[in-house]
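Colleague: I should like to learn how enclosed spaces in a protein model are read. Could we work through an example together?

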Amino acid sequence: MLEKLNEIQAAALDALESVKDSEALQGWKVKHTGGNSALTEVFKGIGKVAKEDRGKVGKRANEVKVALEAALTERAALIKEAELARSLEEDHLDVTLPGRPFRHGGVHPATQTLRRILGILADMGFQVYTSREVESDEYNFQHLNFPLGHPAREMQDSFYVESEGERDNPLLMRTHTSPGQIRAMREAAVGNPDNPPPIRISLPGMCYRYEQITSRSEIQFNQVEGLAVGENITFSDLKGTLSDFARRMFGAHARTRFRAQHFPFTEPSAEMDVECFLCGGEGCSVCKKSGWLEILGCGMVHPNVLQAGGYDPRRYTGFAFGMGPERQAMLRHNIKDIRYFWGNDSRFLEQF
Amino acid sequence: MKLPVSWLKDYVNINISVEELARLLTLAGLEVEEIHYVGWAMPDYAAGEKHEFKTYGLSWDPDKLVVAEIREVKPHPDADRLVLCDLFDGKDEHLALTGAPNLLHLKGTGKLEQPLKVAYAKEGAEIYDGHKEGQVLTKLKRAKIRGIESYSMVCSEKELGISDEHEGIIFLDDDAPVGTSLADYMGDAVFSIDILPNNARNVNVLGIAREVAALTNQPLKRIDKKPYESSGEAIAEKVKVNITNPELNARFVFGLIRDVEIGPSPYLVQRRLRLAGIRPISNLVDATNYAMFEVGEPLHAFDYDVLAERAKGKPVVITTRTADAGEKLVTLDEIERELQESNVLVCDEQSALALAGVMGGLESEITDKTKNVLLEGAAWNFINIRRTANHHNLPSEASYRFSRGVHPALAEDGVKRGLYWMQKWANGKVAPDLVDNYPLPPADPVVTVTEADVKRLLGVEISAEEIAGLLTKLEFSTQVEGTSVTAATPPIRMDIGEGIVGVADVIEEIARMYGYDNIPETRIGDPLPPQVGNPVHDWEEKLRDQLATLGLQEAITYRLTSPETQERIGMHGEFVKIANPSTPSKGVLRRSLMASVLEVVEKNARLRDSLAFFEIGPVFVPNKGDLPDEPRKLAIAMTGRRQPPAWDVSDAPVMDFYDMKGVADAFLAGLGLKNIVYTPADSSLMPGAAFHPGKSAQVSVDGIVVGAFGELHPSAAEKYEFADTPVLAAEFDLSTLRGVQPAYEITPVPAFPPMLEDIALIVDEALPAAKVEHLIRQTGGKMLAEARLFDVYRGEQLGEGKKSLAYALTYQAPDRTLTDKEAAKIRKKIVKRLEYEVGAELRG
């Protein structure tokens, strides 16, 4: 009987050698360890074995059973591994087929640029102040030191709005966000006219000028202005603040320069250029070979403007600046045609 | 303004490079937009010289381009239209071949009595090709032309890059030194300078020379105050001037020059005028322009004899006045102009002679036959001139200057300078004295600036002495007293104000001269104002993000539009109108944002299979002539496939009402809003006939209507060129939406497992699903955490007019695991309630 058990074991292990897949393994398991297997037969017939051999045979039969089960487990692991390897080898995709597209959602590039600018200014303490887009001549020009007939008005040709109002104070589409400066100052001063609080605001929004729409000029454009008013605001603060802004906006190494300029609402006035970040100042087509990019206009708030806002120019000083987000986006992304912005072509918008 | 730098050198020594000069001027507010080199050496970019300006033009090789003289013009043996010039370049004699028409008449006349001075290009010289369109560089090479060897040439202006003139060669002035390089003799660099409105004083050579002198610490070479000898009868006997309104005409100066010989002005003068953008005409006209360019005072030359004849032997009496109603004048461009009553005229006793400061009249204009010239320099009101020039559409060098403000003091300087050049170039005799009527001299402001003022505005300490020094360079008369400087504005400029405004104006000049570059950069030391933020702005930005996250693209459209495009969705009524629209398609301000976003969809209809746009911005509602209301809106428009097609998905479902509703659900939830109720749209609240009546809804939050959405009404959709998928649109009012309080508390995540169960209910087709859901939720009470509709089924076995609504129910207790028994009890209650209230039947 012991011999038979040895044979059973040897035959089973031998058969296991040729088992190559899970299905055959299952067959092997049934044949060699199942209810009708030779081994089971031995267990069933153990009662018939001579009493003195019964212990030995029983022990041996158990040994065979354990050995076969161990071999099975080992074989199963090998087969699983081999099968996985095979399946991994067979199961592959053409990774160059296109991915399934999503519908593109996004924020308009003009908004994205506005956010960048406003975010930096907010970090510097300039809080967003918004105001209306249809304005009166008084707010858009007169309070900002553009008297009637002033030549500088020609730099800002306006869209006028039909109204029944006074002839010397017609309504118009604001040509800049500066009327908001007056509104903000007056709002701040109204509660405490003798001692108005300091101001530090950013003024974003859409502005309008009467122009031909071309690749370089638009009738509608965003502007961001900044205004700081207090008892100790200086031109050197203006330079420092705007150079800080430029480094945040255009990179830690952005160099700036300030040129004398003229704006009716500031005196002294300046234009801030940033060293061209496309050519590093070497001169390219974007900076028109100058190495510098005109980024913003700025200056010390004109005494008449402070006065109009309810701030005594003998006590308060301030600086103001203004820039065009679309222009900055154009420079940053080499956009050659400003008409893309309000054209809303998917093929443009999807690129941001 | 175009400024030849050689001209500047007449008034100030320039000891820095052209580019450095341009940089200094640019930083000081006279922005050089480009540099046009005409002969002078250009920076060597190839050698790595950095340049800061747009630069173009031609450098003249000093060895190969020189002044030469033609001694004889000989015929070409084989060509009638060519001549051969015997020419001397200071060293050698040459034979140069040319076809210049302005030499033909000298052909074969033998040795010239007076040799002709010309611009001579030797072999190898680089010049522009005179026969090619535009400016094409060419190098002179040796060649045989009709049998004659040629290796050099005499040049036209085009070939040297001075102008487009190629009709003949240049004849230089007789005193041109033979053998001198052309670059030294007449080379130049021309700056295009952007003149700012407050820089009107600098639209002239002397003005810019003054700035250069101040910026480079060089003395300004002034114009001689008594430049000529006068003779003959004094002008006062011949001419009188009346000014009727000194506010419009603060000063009027006349000078008289007799016996002028009209002819061309010297070549170097013509060249400068050309480079400055003015066409040379004759020595008399050129003298007025040249003097204007130098001094800044526009001059007008009258033919004195015409005026004398009109005065019939009496003295000429000139009056300046505004035009009468219906008055007309033929200006020198031969156009009869109907005058406005605000136009100022220069008149004699018969009629108007000139449109003051803008354009002369035809009759009294100087001509080729003029012998005696009356030269006018005057001061006009700049606003009046601006309006007149704009009205008659007459931009000119004169009106350009006068409309920016010319100081009346310059009237005299200008006339004297003009007379000086007329005497020099046309051999005239200047009559003694001037007629000078000066009723309203401007009060040149005297401003006191202290060291503290400067520190307060600029943030730098500059001593009173230094302040005075900086201002003196700009010809302010200054007086220092302790820490304060009293500065009198020089009588050349009108941009300095009085009082505290004057202080700011003068400090700008101090800053410019001190150098903006030299002012340090500091951080604001002033206290930070209270930080209140801008919740409205932040909220809108959050909304943008919500919508973008849902796969919607933000659009930004023109606020200016036309009533027709707005009316496509039935938006009728009053618009805010633009009084001066640039095009009829942008004649009003939009009242419907939805109409604008629908246009975006229309524009992209053929570009993408799946489109979803939104815009956030104001619309404009007229307010009886007062400032319009500008309520802010959100509009959405979507159409096409729910997903863009992929290579294995070509038939994704098309978006319909429920996709739009899903977007609304999601962004409203994203804003933290609860209690959102959708009801069939109330057509009286809709913008016109925008929506399909059966496929649109209005949205309320806490009982307040915040917006509406739906499928576009077929008759509205028809007016657009959409693709053939349904178009969904929405408009929400943002201030209303913002007014609804969002819920800030969240529901805790349950700690015990939920119990899930599906039920299907058969109800009448007409019963809104919301009603069923409401009853389920109400009946389920606290233990029913969620009821989600997952299927709507219609079929024969349900019977006509019936539908089955299947809900996935989630039972959940916060403190324990619910038993089957508890769940069954709730379910039973729900079914019973629905049976009773709406006749629902549990589907088996």
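Modeller: The turns that follow discuss the cavities of this predicted model.

Colleague: How many cavities of 30 Å³ or more does the structure hold?

Modeller: A cavity is a space where a 1.4 Å probe fits but cannot get out. By that criterion, the structure holds 3 cavities of 30 Å³ or more. The largest cavity encloses about 80 Å³, and 13 residues line it. Those closest to its centre are B:Asn198, B:Asn199, B:Glu508, B:Glu509 and B:Arg512.

Colleague: Which elements give two or more residues to that lining?

Modeller: They are β7 (256–263) of chain A and α14 (499–514) of chain B. The greatest contribution is that of α14(B), with 3 residues. In terms of domains, at least three lining residues come from each of domain 1 (2–59 + 189–216) and domain 4 (446–510) of chain B.

Colleague: What is the chemical character of the lining of the largest cavity, by residue class?

Modeller: The lining of the largest cavity comprises 6 charged, 4 polar and 3 nonpolar residues.

Colleague: How is the second largest cavity lined, by residue class?

Modeller: In the second largest cavity, of about 50 Å³, the lining has 5 nonpolar, 4 polar and 2 charged residues. Among them are B:Arg201, B:Arg401, B:Val406, B:His407 and B:Ile492.

Colleague: Where does the second largest cavity lie with respect to the domains of chain B?

Modeller: Both domain 1 (2–59 + 189–216) and domain 3 (235–437) of chain B give residues to its lining, so the second largest cavity lies between these domains.

Technical notes. Residues numbered from 1 in each chain as written. Chains lettered and ligands numbered in written order. Predicted model: local features only at pLDDT ≥ 70, side-chain atom pairs only at ≥ 80, totals over all residues. Heavy atoms only, no water. 1 Å grid on protein atoms, 1.4 Å probe; cavity = no way out; pocket = protein on both sides within 12 Å on 5 of 7 lines; lining within 4 Å. Points joined across faces, edges and corners; volume = space filled by probe spheres on them. Helix = DSSP H or I, 4+ residues; strand = E, 2+ residues; numbered from the N terminus. Nonpolar A, V, L, I, M, F, W, Y, C, P; charged D, E, K, R; others polar. Domains from an automatic or database assignment.
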